[in-house]
Amino acid sequence: MLMIPSTWEFLSLACKLLTYLGAASLLGAVFCIWLFKNESRQVTHNILTYMTVGSFLGFQGSLFGFLVQIGMVVNNGPIGMFDRGIGSIYLDSPLGDTTFFQLSGFALTFILGLTYANKIQRITSPPRLDYFRFFNTGCILAFLLLIFSFRFSGHISILSVTSKLSIAAHYSAFAAWIGSLYPLYCLSFSENLEYIQDRVKKFGDSAVALVAVLIVAGGLMVIELFDSIAEAFSTNYGQIFLIKLSLVVLILAIAAINRLRLTPRLVSKSGVVLFRQSLKVEILVALLILSITTYFSTIVGPPEH
């Protein structure tokens with residue numbers, strides 16, 4: 001039976017979802033800037049704006065997530081979120097460490113995104129890949145800060161090192177995938193249909209490696225989280241996991257259709273429109289998966305944890 005979140009838990013869910021979306025926008029933007037090299041300044045600017053907005057939302061989610069945890073303990077309405085006594089205690093706790101690393105990662109991402117978005121507007125030709133060398137280094141550092149923050153929080157903090165690495169790899173691969181969907185959507189508005197098809201095919205080739213990482217890392221996580229197959233059907237966590245697994249199969253099917261059926265049709269405008277519609281569905285399914293993942297890590301704990 002599903003557990004209905006309280007008001008504070010619902011706020012915590014929303015904040016954590018924002019941090020997941022912020023991290024996905026960061027990795028997806030970096031991946032697509034590399035993938036769409038030499039494309040128009042407008043597409044690059046859209047991707048950088050997307051990353052900047054995502055990092056801003058992630059920053060807000062992390063900050064308010066910290067305050068929500070204080071309010072949940074004090075339980076004195078919104079004013080309770082600013083209780084200095086509980087706040088100082090939490091600053092010295094794993095929650096404080098998690099918040100610090102997340103805020104640092106999102107702040108660095110926001111500064112990089114905003115700076116390069118403004119620089120792109122001042123150049124007259126599509127930027128070369130080496131133009132983003134410092135940008136890429138900074139973004140990788142920012143994402144490592146976000147990944148490192150996971151080791152202090154939630155059910156992950158009590159798992160083995162192998163499981164933590166598996167979860168980090170699993171999330172990184174999924175973040176790169178779903179974080180790339182909106183940039184792909186932006187690319188679909190390019191006038192160069194041949195270029196769209198070439199880049200989408202390139203993305204599909206890279207996505208094969210991402211899917212492999214997802215499957216291997218996900219399998220290791222399942223072994224760690226469940227002692228037996230029966231737990232997947234007899235526990236709340238297991239049942240929600242099966243729902244998430246069903247959505248993952250669905251998004252894999254959509255991705256396969258995009259790669260095998262729609263990519264060859266990108267030589268026409270009608271094919272591009274169809275591809276764009278498919279991306280909208282894929283984005284919706286990805287948001288559902290992230291929402292369930294957030295519910296996992298916030299409300300329902302794994303069996304025996």
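**Exercise 1. Determine whether Asn 75 is buried or exposed in this predicted model, and describe its place in the chain.**

*Solution.* Step 1: The relative accessible area of Asn 75 is 56%. Step 2: A residue counts as exposed over 50%, so Asn 75 is exposed. Step 3: Asn 75 belongs to the loop between α2 and α3 (84–91). Step 4: The backbone of Asn 75 has a phi near 55°, which is a positive value in a residue other than glycine. The model from which these values come is a predicted one.

**Exercise 2. Identify which residues make the nonpolar surface patch, and state which elements give two or more residues to the patch.**

*Solution.* Step 1: Val 53, Phe 56, Leu 57, Phe 110, Ile 111 and Leu 114 make a nonpolar patch of about 500 Å² on the surface. Step 2: Two or more residues of the patch are given by each of α2 (41–74) and α4 (94–120). Step 3: Leu 57 serves as an example; this residue lies in helix α2. With a relative accessible area of 37%, Leu 57 is partly exposed.

**Exercise 3. Describe the largest nonpolar core and the contacts of Phe 36.**

*Solution.* Step 1: The largest nonpolar core holds 71 residues. Those with the most contacts inside this core are Leu 26, Phe 36, Leu 48, Phe 135, Tyr 171 and Trp 177. Step 2: Helix α1 (residues 7–35) supplies the largest share of the core, 11 residues. Step 3: With neighbours within four places in sequence left aside, Phe 36 is in contact with Val 43, Ile 47, Pro 183, Leu 184, Leu 187, Tyr 195 and Arg 199. Step 4: Another core, of 8 residues, lies apart from the largest one; among its members are Cys 15, Phe 66, Ile 70 and Tyr 90.

**Exercise 4. Classify the ring pair of Tyr 116 and Tyr 131, and locate both residues.**

*Solution.* Step 1: A pair of aromatic rings is described by the distance of the centres and the angle of the planes. Step 2: For Tyr 116 and Tyr 131, the centres are 6.0 Å apart and the planes stand at 85°. Step 3: Planes over 60 degrees apart count as edge-to-face, so this pair is edge-to-face. Step 4: Tyr 116 is in helix α4 and Tyr 131 is in the loop between α4 and α5 (133–149), 15 residues apart. Step 5: Tyr 116 is buried at 5% relative accessibility, whereas Tyr 131 is partly exposed at 24%. Step 6: The structure as a whole contains 16 aromatic pairs. One aromatic cluster is formed by Tyr 50, Tyr 182, Tyr 185 and Phe 189.

**Exercise 5. Trace the salt bridges of the structure and find which residues they join into one network.**

*Solution.* Step 1: The structure has 3 salt bridges. Step 2: One of these joins the side chains of Asp 198 and Arg 199, at 2.4 Å from N to O. Asp 198 is partly exposed at 38% relative accessibility, while Arg 199 is buried at 11%. Step 3: Lys 201 and Asp 205 form a salt bridge at 3.7 Å, N to O. Both residues lie in helix α8 (residues 193–225), 4 residues apart, which is about one turn of the helix. Step 4: Asp 205 also meets Arg 259 in a salt bridge, at 3.0 Å from N to O. Asp 205 lies in helix α8 and Arg 259 in helix α10 (residues 236–262), so the pair ties together parts that are 54 residues apart in sequence. Step 5: Through shared partners, salt bridges join Lys 201, Asp 205 and Arg 259 into one network.

Technical notes: Residues numbered from 1 in each chain as written. Predicted model: local features only at pLDDT ≥ 70, side-chain atom pairs only at ≥ 80, totals over all residues. Heavy atoms only, no water. Patch = residues over 30% accessible without salt bridge, like charges linked within 9 Å, V, L, I, M, F, W, Y side chains within 5 Å. Areas by Shrake-Rupley, 256 points an atom, 1.4 Å probe, with all protein chains shown as cover. Salt bridge = Lys/Arg side-chain N within 4 Å of Asp/Glu carboxyl O. Buried < 20%, exposed > 50% of the residue type's maximum accessible area, 1.4 Å probe, protein only. Core = buried A, V, L, I, M, F, W, Y, C linked by side-chain atoms within 4.5 Å. Contact = heavy atoms within 4.5 Å. Phe/Tyr/Trp six-rings, centres within 6.5 Å; stacked < 30°, edge-to-face > 60°.
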